[in-house]
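This report looks at how two chains meet and at the spaces enclosed in the structure. Start with the interface, then turn to the cavities.

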Number of protein chains: 2
Amino acid sequence: MQYTFSENVQSLQPSAIREILKFTGMPDVISFAAGNPAPEAFPTEFIEKISAEILREDPVLALQYSITEGYPKLRELLKQRMAAQHCFDPNRDDLIITSGAQQANELACKVLLNKGDTLFCESPSFIGSLNAFRSYGVDLQGIPMEQDGMDMDALENAIQKSASPKVIYVIPNFQNPTGRVMSLKKRKKLYELACRYDLVIIEDNPYGDLRFSGDPIPSIKSLDAEGRVSYSGSFSKILAPGLRVGYVSAAPELISKITVCKQVSDVHSNIWAQLICTAFLEQMDMDSYLEGLHNVYRRKCNLMADGIREYFSPKIQWEMPEGGLFLWCTLPDEWDMPKFCTQAVEQYKIAVVPGNAFLVDESAESHSIRLNYSTPTDAQITKGIKILGKMTTSV
Amino acid sequence: MQYTFSENVQSLQPSAIREILKFTGMPDVISFAAGNPAPEAFPTEFIEKISAEILREDPVLALQYSITEGYPKLRELLKQRMAAQHCFDPNRDDLIITSGAQQANELACKVLLNKGDTLFCESPSFIGSLNAFRSYGVDLQGIPMEQDGMDMDALENAIQKSASPKVIYVIPNFQNPTGRVMSLKKRKKLYELACRYDLVIIEDNPYGDLRFSGDPIPSIKSLDAEGRVSYSGSFSKILAPGLRVGYVSAAPELISKITVCKQVSDVHSNIWAQLICTAFLEQMDMDSYLEGLHNVYRRKCNLMADGIREYFSPKIQWEMPEGGLFLWCTLPDEWDMPKFCTQAVEQYKIAVVPGNAFLVDESAESHSIRLNYSTPTDAQITKGIKILGKMTTSV
């Protein structure tokens, strides 16, 4: 049989990063290509203990069907935590559990955009979200990314030109792939534009709790007086991504529609994992837990940055992150970036992600590469950056 | 802000069963309205033991990001099991893990149908799947259900009339809500029609392993020589639904597209749960385990059937299931079925699901009700059926 796939998914391809990741399973390859949190930071003993308690004390709760909205106690704890961070207003928001922030972003798109409606995103941006949006046939428009976030003039210009502008998708903290933080000034401007042009903002904040230097900046959700912001959060980076637990906080009408779409997608998220997250929020001293996490991420980031300072050609521009998982490097214009990445993995066994993987049009030109410092070990970071450095000085 | 939702989801409503289920949380209400497997049959000690082993021996595997296709060992074991049941051919099929069969059905729809394309289903059918299909704006057409499955003449007629026939969705074993089994003759005819009119069949088989009497009938997938059948399976009814682990077996091109859509939906399914399912298939003596499960379901079904024989008015038609979770009763035409259901729950505190909840057009007439015997306790079944019986004789 010859399959005719639906128009929306016909051209949808597996993430280009997957091609790079194939190499990372090979022996001796050092991978800076992943987007995984630091495994040594997982509170494995805590999870082992809690899991045993859950399965001993109330196995049926952990194994039977549950409600789509998520475990009530977990929703309550998250509402309190989000309220404390001004990302949830009990008078005008609701919050449900999702299967990772990925599902929160996907479903917000599904309920808000018709095929052909415009969704604006940072360029470059997170490929997983871009593919989710593509799978609904939306008109995806990348807005150039500046040091302090999306170019607001370019955004307004694009909104004015669009026949059906609907949603702006941003990752304001330690953005994937650039590691950049959107300034408060731009957050305010973004919200103002959303109000002026009647748009919804999807604020994706998986890395927000991973700030290891500098001062936190208020979320866009905290500026929201009109119910225009759908805020996606996740346990993937602060607890463990294998659990697949995220959440979305937004106006009740929006949450209600997202809930119906979640029900038809997976009925509910794995309930054992929700119970683990509940115990995590209830029993863990969050401030000291996060401080421990920050120490791990800061150390690994500094280790990579020290290596770059020592070994990389001064022709490479790079940016010191204040949090998150990624460090963004830009090669000189005259270098062939894709060739550099291919050579790195095939000849030197160092995997990095070429910047064009994160563009709306993957065939467009990019001179940047994304380096991940959370997944490799300290020894791998030291060795890998030295090798990459040699490559940069011998081009 | 006034939200304008996408056209596909605008009219999408939470399942009507949810309204009934609200009552089931109230004290003293006996619920025959759920679709949950029997909680006393969960192998809780086994899961507790395996979970402890997993988290002790390889916590990072159980907590880190994993691949979209699912845990390789689990896929391998399922392929072997499906091959033994002729639901997987290693030469022309592939198989991936999904977040329940719900996700398998949803994604098969997403990749195969454009808005307005026709999907044919049994009428009545499983409301969760119908809502999933509705959420992609497909033209959903219900084909009348006969004792031995979908009316094949009506199906062929509807196919011929459709401008864009694409998919037939069926639950051939112990169908939800009727509990009926599609005959082999009709399975062959259905496949023949799919070949003649170039359609894909989504064969949803969550209850197939729950046959407690009569002889198994070959799956439609086992008749498939052309790669037209996408087979959805699940651990929800044989292990535990809270895990949210299902799978889909189909031609590699179809599986490949479903995989991309799964990636943008939830990246991968909870990996701890996948490891539990792996150990379950590896370590459990399946024949004797399933025999134990059948004993539980047969006993509860017989208990309900005995009560119906003793207490129900002879005006009520009902069907003795050979497996699954549901028993289907049809009230006399002159009775007001919705009123009967409302009275049952409000006055007599017995929750049942009105048959029209399972129709493509929920406002169409139905005289049937669905009774679930797997979730209530033996005592609840005995008491509840006696009360319902009194209602039927006093109408």
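## Interface area

In this predicted model, chain B and chain A bury about 6,400 Å² between them. Carbon and sulfur atoms give 57% of that area. On the side of chain B, Met1(B), Tyr3(B) and Leu63(B) supply 12% of the area buried against chain A, more than any other three residues.

The contact draws 78 residues from chain B and 78 residues from chain A.

## Polar links and contributing helices

Polar contacts join 44 residue pairs between chain B and chain A, counting pairs with both residues at pLDDT 80 or more. Several helices of chain B give two or more residues to the side that touches chain A, among them H1 (7–10), H3 (44–57), H6 (100–112) and H11 (271–283). H10(B) provides the largest share, ten residues. By class, this side of chain B has 35 nonpolar, 28 polar and 15 charged residues.

Two salt bridges cross the interface of chain B and chain A. Lys110(B) pairs with Glu106(A) in a salt bridge, at 3.4 Å from N to O.

## Cavities

The structure holds two cavities of 30 Å³ or more. The largest has about 90 Å³ of space. Its lining has 14 residues; Ser99(A), Arg244(A), Asn270(A), Ser99(B) and Asn270(B) are the closest to its centre. That lining divides into two nonpolar, eight polar and four charged residues.

The second largest cavity has about 40 Å³ of space. Its lining includes Pro37(A), Phe42(A), Lys237(A), Tyr289(A) and Tyr297(A). Here the classes are ten nonpolar, one polar and one charged.

Methods
Residues numbered from 1 in each chain as written. Chains lettered and ligands numbered in written order. Predicted model: local features only at pLDDT ≥ 70, side-chain atom pairs only at ≥ 80, totals over all residues. Heavy atoms only, no water. Contact = heavy atoms within 4.5 Å. Buried area = accessible area lost by both parts, 1.4 Å probe. Salt bridge = Lys/Arg side-chain N within 4 Å of Asp/Glu carboxyl O. Polar contact = N/O pair within 3.5 Å; in protein donor to acceptor, adjacent residues only side chain to side chain. Helix = DSSP H or I, 4+ residues; strand = E, 2+ residues; numbered from the N terminus. Nonpolar A, V, L, I, M, F, W, Y, C, P; charged D, E, K, R; others polar. 1 Å grid on protein atoms, 1.4 Å probe; cavity = no way out; pocket = protein on both sides within 12 Å on 5 of 7 lines; lining within 4 Å. Points joined across faces, edges and corners; volume = space filled by probe spheres on them.
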